[in-house]
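Here are my notes on the model you asked me to look over. Have it open on screen while you read.

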Amino acid sequence: MPDTHQRPALARHWRSNLRLTGTLLLLWFAIVLGAALFARELNEFHVFGVPGAFYLFAQGAPILFLVIIGVYARAMNHLDRLALAGDRMPDATPPAGPRS
């Protein structure tokens, strides 16, 4: 169980995590929905002889997912570093638990 002085920091960290996840999910949804809504218009363009909508969904979607994962990982590393820096207090003690 976290100490009393760590609870606000954990709550801030969790809110930041939820905000980041929600923003990235909203971005993903908007891009995929936008591409689906404009699929007919995208088919007018050809990429390497393939209709644009097919190319976008076949190649762009996996790339978009990888970019979103990369952004999430980088942002969470930053948030975790900030949370750890804020938790280092002189009177902090390691959590008690079973020792081997």
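The points below run from the overall layout to a few single residues.

1. Status and layout. Keep in mind that this is a predicted model. The chain contains three helices and two strands, and following the sequence you meet them in the order α-α-β-β-α.

2. Burial and surface. Of the 100 residues in the chain, 12% are buried. The exposed area comes to about 8200 Å², with carbon and sulfur atoms supplying 69% of it. As for contacts with a separation of 6 or more, 55% of them are between residues 24 or more positions apart.

3. Helix H1. I checked this one for length. H1 covers residues 7–37, which is 31 residues, so at 1.5 Å a residue the expected span is 45 Å. Its end C-alpha atoms sit 44 Å apart, and that agrees. The buried residues in H1 are Ala9, Asn17, Leu20, Leu24 and Ala35.

4. The core. Which residues make up the largest nonpolar core? There are six: Leu20, Leu24, Leu64, Ile68, Met76 and Leu79. H1 and helix H3 (52–87) each put in at least two of the core residues, with H3 giving the largest share, four residues.

5. Asn17 and Met76. Asn17 belongs to helix H1, and it counts as buried because its relative accessibility is 11%, below the 20% cut-off. What does Asn17 touch, once residues up to four places away in sequence are set aside? Its partners are Tyr72, Met76 and Leu79. Two of these names, Met76 and Leu79, also turn up in the largest nonpolar core. Looking back from the other side, with the same sequence neighbours left out, Met76 touches His13, Asn17 and Leu20.

6. The nonpolar patch. On the surface, Leu25, Trp28, Phe29, Leu33, Leu37, Phe38 and Phe65 form a nonpolar patch of about 710 Å². H1 provides the largest share of the patch, five residues. Leu25 is a patch member that is found in helix H1. So when you look at H1, keep two lists in mind: its buried residues, including Leu20 and Leu24, and the patch residues it supplies.

7. Asn43. Where is Asn43? Look in the loop between helix H2 (39–42) and strand E1 (46–47). Is Asn43 buried, exposed or partly exposed? Its relative accessibility is 32%, so it counts as partly exposed, since that class lies between the 20% and 50% cut-offs. Apart from its neighbours within four places in sequence, Asn43 is in contact with Pro51, Gly52, Ala53 and Phe54. One more distance to check on screen: Asn43 and Tyr55 are 12 residues apart in sequence, and their C-alpha atoms are 9.1 Å apart in space.

8. Phe48. This residue lies in the loop between E1 and strand E2 (50–51). Its phi is near 55°, which is a positive value in a residue other than glycine. Phe48 counts as exposed because its relative accessibility is 75%, and the cut-off for that class is over 50%. I'd put the backbone of Phe48 on your list of things to look at, given that positive phi.

Definitions and conventions. Residues numbered from 1 in each chain as written. Predicted model: local features only at pLDDT ≥ 70, side-chain atom pairs only at ≥ 80, totals over all residues. Heavy atoms only, no water. Expected span 1.5 Å × (residues − 1). Buried < 20%, exposed > 50% of the residue type's maximum accessible area, 1.4 Å probe, protein only. Core = buried A, V, L, I, M, F, W, Y, C linked by side-chain atoms within 4.5 Å. Contact = heavy atoms within 4.5 Å. Patch = residues over 30% accessible without salt bridge, like charges linked within 9 Å, V, L, I, M, F, W, Y side chains within 5 Å. Areas by Shrake-Rupley, 256 points an atom, 1.4 Å probe, with all protein chains shown as cover. Salt bridge = Lys/Arg side-chain N within 4 Å of Asp/Glu carboxyl O.
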